[in-house]
Amino acid sequence: MFKKTFFFMVLMTALMVLPCAAETVEGLPLHMQKIEPGVVRVWVGDHVSSTAVCAIATKKGIVVIDSTDIPKLDEAFRKVIARELGRSDFKYLINTHGHSDHTNGNGVYADCQIIAHETVPAIMQENFSNHSRSIVWVKENIQRQKEQIASGKLNEEQKAAAEEQLIISTLKSKFLNSDSKPTFPTKSFQDRLVLDCGDVTFELYQSGGSHTRSDIFILVPQKGILFTGDMMADKWLTDTPGCLATFAVRTGEVGDYPVLVKNWQALIERKDEIKHYITGHWNGELSHEGFQARFAYLKALLADVEAVSKPGGDFNQFVTGYSLKDKFPQLVGSPGITNQGHMMSMNHLYKTFSGKISLADALQGLFQNPETFAVGFAKLKGDVLKARDKYFISEAEMNGIGYFLLQQQKQVEGAVMLFEFNVELHPASWNAYDSLAEAWYEKGEKQKALELYRKSLTLNPNSENGKKFIERIEKELKK
Ligand SMILES: [Zn+2]
C-alpha cells in the first residue's frame, strides 16, 4: 500500500512538472502549470523569457492575468485554459502593466471586461505610435538571430535559445505587419480596486514608479497568490532574464511614490495570506524574503533621496556615501539588483523630487541630431552656466554620455566638447580630466592629452590609467 501510494505520488509530481511537454504552439514547447485548484499558468518556450499568462476560475467566470505580445499565442492559450479549467466563460482580463508583451494580445479577450491601471492606455498608445520602428527592429533581430544560428559558434544551449527566439521574432513580425490596432482596457482605476467574483476576490493595488508607471500588484487571497508582474524576481531560471532584469525606480511622478509605499506595506502586512508570488514571465521566481527586502530598500531610498532633494541638500555627496555595498549589503548580488540600477534609481528620484532639469537628459536629446549638436550644445551650456541651480548635473552621467559619443557614435568632436564641459563643472575631478585627455588622444592631439593626464594625476596620484597613458604618450612623442 505504502509503495503504491509512493509511486502514485512520484507519477503525479512528474505529471505536474511536465504535463504538456509534448504539446507545442507554433513550434514552441507549451507549458502548463497548475498553481492551485482552479488556477493555471501557461507559457511557451524552454529558453526565452516569454510572458506567462495565468487564469483563475471563479463563480463569475474565468479571470485572466495578462496577454502576451503575440495574439496568436493568446488564441492558443485561451483554448488550453478552457480545456484545463473545463469551461469557457471568460469574464475579465487584467493587465499587470502597459508593456506590449502584456497587452498586445488583449484583442483575444475583447469579449471580456479588460481592467488595468489608468496609465496603461497611454503606454499602449505610445507603443503603437512606435509601430514602424518596431517593425524595423524586429526585422534586424530576425537577421541577427539567423546569422547567429548559421555561424556554428553557438553551443547546444545557445542554439536552442536562438531558435526559440527566432520563432518568437518571426511571429511578432507577422503580427506587427498585420493591420491590427491595440485593444485598450475598458475599466481603469487609480489607487486600488477590488473585483468581487463571488468565491474569489481580486485586490488590485497601484504600484507604479518602478518597472513602469502603470504597474499593479494583484492579490488573490482565496488562492494565496500575489501577482507582481515584471517588477522583480529574486531567482532567474534562465541565463537571459529579459524583462525581469532590473529592479529600479525609473518612472513615476512625485505622487506615485507614497502610494507605492502605502500599497506595498499593506501587502507585506498580509504576508501570511500569500503562498505564491507569481512573476509576469515564467523564468523568474520571487520569495517572500526577496519581496520584503526589496520593499525595505525602496522605502529607505525614497525617504533618503527625498530628504536630500530639499534646498541645501548635496546630492553628489549623498551618492558617494550611499553605495549598495555600504547601505544594503544583503542585496548585493541578488538578481535584478545592480550598482547601475541603484544609481539610476537615485538619479531618477532626485530629479523627480527636486524638480530640476536633468542635464544628461537634455544632452541626450541633443545628440540625436549630430548636425545641430554643436549649436544646441553651446546654447545649453550657456543656460546651465547662467542658472546652474535649475539643473541636475551628474558627473558620472555626463562622463557616460561622453564615452557614448566617443566610442559608440565615433563623434570625437562632440565628446571633446562634452568632457571639456564636465571638467569646467567639476574642476576637482581627476576622472573628468582623465576622460578629456582620452578624447584629445583619440583626436590625435597627443601633447594636449599628455598635459591633461598629468593634471589628472596631480588630483589622483594613484590613477593607474593615467600613469599608463603618460608612459605610452611620452614614448610615442619621442619617436
Ligand atoms: Zn514589462
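**Figure 1. Here we zoom in on two strands of a predicted model, where I65 stands opposite I94 of β6.** The model is predicted, so keep that in mind for every view below. I65 is part of β5, which covers residues 61–65, and β5 is joined to β6, residues 90–94, by four bridges. The two strands run parallel. A little further along, V63 has a bridge partner in β6 too, namely Y92. How does the chain get from β5 to β6? It crosses through helix α2, residues 71–85, and this β-α-β crossover is right-handed.

**Figure 2. Next door, β6 pairs with β7.** Strand β7 takes in residues 113–117, and its pairing with β6 is parallel, over three bridges. If you want one pair to look for, try L93, whose bridge partner in β7 is I114.

**Figure 3. Step back a bit, and those strands turn out to sit in an open sheet of eight.** Reading across the sheet, the order is β1-β2-β3-β4-β5-β6-β7-β8, and the pairing is mixed. Which strands stand at the edges? They are β1 (24–25) and β8 (187–189). Each of these has a single partner strand, so one side of each is left without a neighbour in the sheet.

**Figure 4. There's also an open sheet of five strands, and this view shows its order.** Go across it and you meet β9-β10-β11-β12-β14, with mixed pairing. The edge places go to β9 (192–196) and β14 (276–279); each has a single partner strand, so one side of each has no neighbour in the sheet. On average, neighbouring strands of this sheet are turned by 20° against each other, ignoring direction.

**Figure 5. This one is a close-up of the hairpin formed by β9 and β10.** The two strands pair in the antiparallel sense over five bridges, with β10 spanning residues 201–206. Two pairs to find: D196 has T201 as its bridge partner in β10, while V194 has E203. Between the strands lie four residues, and in that turn G198 has a positive phi of about 85°.

**Figure 6. Now for a helix lying across strands: α7 and its three neighbours β10, β11 and β12.** Helix α7 is made of residues 256–268, while β11 is 216–220 and β12 is 225–229. Relative to β10, the helix runs at about 145°.

**Figure 7. Two helices cross here, α8 and α11.** Helix α8 covers residues 288–308 and α11 covers 339–354; their axes come within 9 Å and cross at roughly 50°. Are they parallel or oblique to each other? At that angle, α8 and α11 are therefore oblique. The crossing of α8 past α11 is right-handed. On the α8 side, L301, L302, V305 and E306 make the contact, and they meet S345, M346, L349, Y350 and F353 of α11. Sorted by class, these residues are seven nonpolar, one polar and one charged.

**Figure 8. Last up is another helix pair, α14 packing with α16.** Their axes are 11 Å apart and the angle is about 10°, with α14 running over residues 395–408 and α16 over 430–443. That makes α14 roughly parallel to α16. From α14, the contact uses E395, N399, G402 and L406; from α16, it uses N431, A432, S435, A439 and E442. What classes of residue make up this contact? There are three nonpolar, four polar and two charged residues.

Notes. Residues are numbered from 1 along each chain as its sequence is written. This is a predicted model: local features need pLDDT of at least 70, side-chain atom pairs count only at pLDDT 80 or more; totals for chains, interfaces and linings use all residues. Two strands pair if DSSP finds at least two bridges between them. A crossover is right-handed if, with the strands pointing away from the viewer, the path from the first strand over the helix to the second runs clockwise. Axes are lines fitted to C-alpha atoms, for helices over the stretch in contact, and angles run from 0 to 180 degrees between N-to-C directions. Angles under 35 degrees count as roughly parallel, over 145 as roughly antiparallel, 65 to 115 as roughly perpendicular and the rest as oblique. A crossing is left-handed if the near helix is turned anticlockwise from the far one by less than a right angle, and right-handed if clockwise. Two residues are in contact if their C-beta atoms, placed from the backbone, lie within 7 Å. Ala, Val, Leu, Ile, Met, Phe, Trp, Tyr, Cys and Pro count as nonpolar, Asp, Glu, Lys and Arg as charged, and the others, Gly among them, as polar.
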